[in-house]
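This report concerns a single protein chain. The sequence and the model are shown first, and the description follows.

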Amino acid sequence: MPFEKAEKIWMNGKMVNWDDAKIHVLSHVVHYGSSVFEGARCYKSRKGPAIFRLKEHTDRLFNSAKIYRMKIPYTKEEINQAIIDLIKFNKMDECYIRPVVYRGYEQLGVDPTGCPIDVAIAVMKWGKYLGKDSLENGVPVCVSSWNRMAPNTFPAMAKSGANYMNSQLIKLEAKEHGYVEGIALDVFGHVSEGSGENIFIVRDGALITPPFGASILPGIIRNSVICLAQELGLKVIEENIPREALYIADEVFFTGSAAEITPISSIDKIVIGTGKRGPITAKLQDKFFKIVEGQIEDKYGWLTIVK
């Protein structure tokens, strides 16, 4: 979906004009997808701009880079401070945050040895990822014909640019058939995740979500929802989910930094629950947004206030 650009992008330690933030066409990342990245949100809260779980996003960025043998030439503290400084410099009270680490311009060939490790951070105005009314009305989705990668092929626990070629196929197929999003199964036929979201089903008052072994990204909003559900006294189960369990669930919803907590109204044209946001999804949304907007205590220490 379209976004509104900011004034500056942080590139390798410097503030660069948005339209001047460029890389060489022969950069390794262009040809081989050699990047890892993050997606986080800064919310407009009563205490000022509030970055949601900044530490965890930066930790995952470094974990992704470690898996791909990319040594980031900055510390976690330097990346965190760069994000804060960038939000302040661009005078944003809310935004989407996109740090990316990539192999730059030096040589070609599959072997990336010798290519520099470059880092850029962008912040931008970006609305509701799956549509303006999606948080209330839900979205129609399908089960994709494309599976998530098999174990020991691509590392699903790394948020890598290359992995998202698979996501693009899932998304494009779903849109071609009139759906907003697609759900991928893993190589064993179990429910995995959406093209850019984790997934939960609600059955008999309990939340069920796929485990890490189902080729999912360890989602930060996924983890947050598990914390909030347990606080609300809900049972949370991490286990393999067969495809047909999606159709007979009481509620199904996506989670992600872009998607936040988005209900699913139908799957393969089978209506889920009432076809709109269910009561448990609504409770989780209410708790989540009250925390990020500063309406209730942030007892988990999830927010970094930009001052």
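The text below treats strand pairing, aromatic contacts and surface features in turn. The model is a predicted one.

**Strand E8 and its neighbours**

Strand E8 spans residues 139-143, and four of its five residues are buried. On one hand, E8 pairs in the parallel sense with strand E15 (residues 260-267) over three bridges. Within this pairing, Pro140 has Ser266 of E15 as its bridge partner. On the other hand, E8 pairs with strand E9 (residues 181-185), again in the parallel sense and over three bridges. Here Val143 stands opposite Ile183 in E9. The connection from E8 to E9 passes through helix H5 (residues 164-176), and this β-α-β crossover is right-handed.

**Strand E4 and its neighbours**

Strand E4 (residues 40-45) is largely enclosed by the rest of the structure, because five of its six residues are buried. E4 and E6 pair in the antiparallel sense over three bridges, and the bridge partner of Ala40 in E6 is Ile97. E4 is also joined to strand E5 (residues 48-52) by four bridges, the two strands running antiparallel. In that pairing Ser45 stands opposite Gly48 of E5. The link between E4 and E5 is a hairpin of two residues.

**Aromatic contacts**

A search of the whole structure finds ten aromatic pairs. Two of them are set out in the table.

| Pair | Distance between ring centres | Angle between planes | Arrangement |
|---|---|---|---|
| Trp10 and Tyr74 | 5.2 Å | 65° | edge-to-face |
| Tyr96 and Trp126 | 4.4 Å | 70° | edge-to-face |

The pair of Trp10 and Tyr74 links distant parts of the chain, 64 residues apart. Trp10 belongs to strand E1 (residues 8-11), whereas Tyr74 lies in the loop between helix H2 (54-67) and helix H3 (76-89). Both Trp10 and Tyr74 are buried.

The pair of Tyr96 and Trp126 ties together parts that are 30 residues apart in sequence, because Tyr96 lies in strand E6 (residues 95-103) and Trp126 in the loop between strand E7 (117-124) and helix H4 (134-137). Why do Tyr96 and Trp126 count as buried? The cut-off for a buried residue is under 20% relative accessible area. Tyr96 has a relative accessibility of 5% and therefore counts as buried; Trp126, at 18%, counts as buried as well.

In addition, Tyr43, Phe52, Phe288, Phe289, Tyr300 and Trp302 form one aromatic cluster.

**Surface features and a long-range approach**

Which residues make the nonpolar surface patch of about 750 Å²? The patch is made by Ile23, Val25, Leu26, Val30, Tyr32, Tyr105, Leu108 and Val110. Of these, Leu26 is found in the loop between strand E2 (14-17) and helix H1 (28-32). The relative accessible area of Leu26 is 35%, so Leu26 is classed as partly exposed.

Phe89, which is located in helix H3, is likewise partly exposed, with a relative accessible area of 36%. Phe89 and Glu7 are separated by 82 residues in sequence, while the distance between their C-alpha atoms is 8.5 Å.

Terms used
Residues are numbered from 1 along each chain as its sequence is written. This is a predicted model: local features need pLDDT of at least 70, side-chain atom pairs count only at pLDDT 80 or more; totals for chains, interfaces and linings use all residues. Side-chain values use heavy atoms; hydrogens and water are left out. Buried means under 20% relative accessible area, exposed over 50%, partly exposed in between (1.4 Å probe, protein chains only). Two strands pair if DSSP finds at least two bridges between them. A crossover is right-handed if, with the strands pointing away from the viewer, the path from the first strand over the helix to the second runs clockwise. Patches are made of residues with over 30% relative accessible area and no salt bridge: like charges are joined within 9 Å, nonpolar side chains (Val, Leu, Ile, Met, Phe, Trp, Tyr) within 5 Å. Accessible areas come from the Shrake-Rupley method with a 1.4 Å probe; for residues, only the protein chains shown count as cover. A salt bridge is a side-chain nitrogen of Lys or Arg within 4 Å of a carboxyl oxygen of Asp or Glu. Rings of Phe, Tyr and Trp (its six-membered ring) pair if their centres lie within 6.5 Å; planes under 30 degrees apart count as stacked, over 60 as edge-to-face and the rest as tilted.
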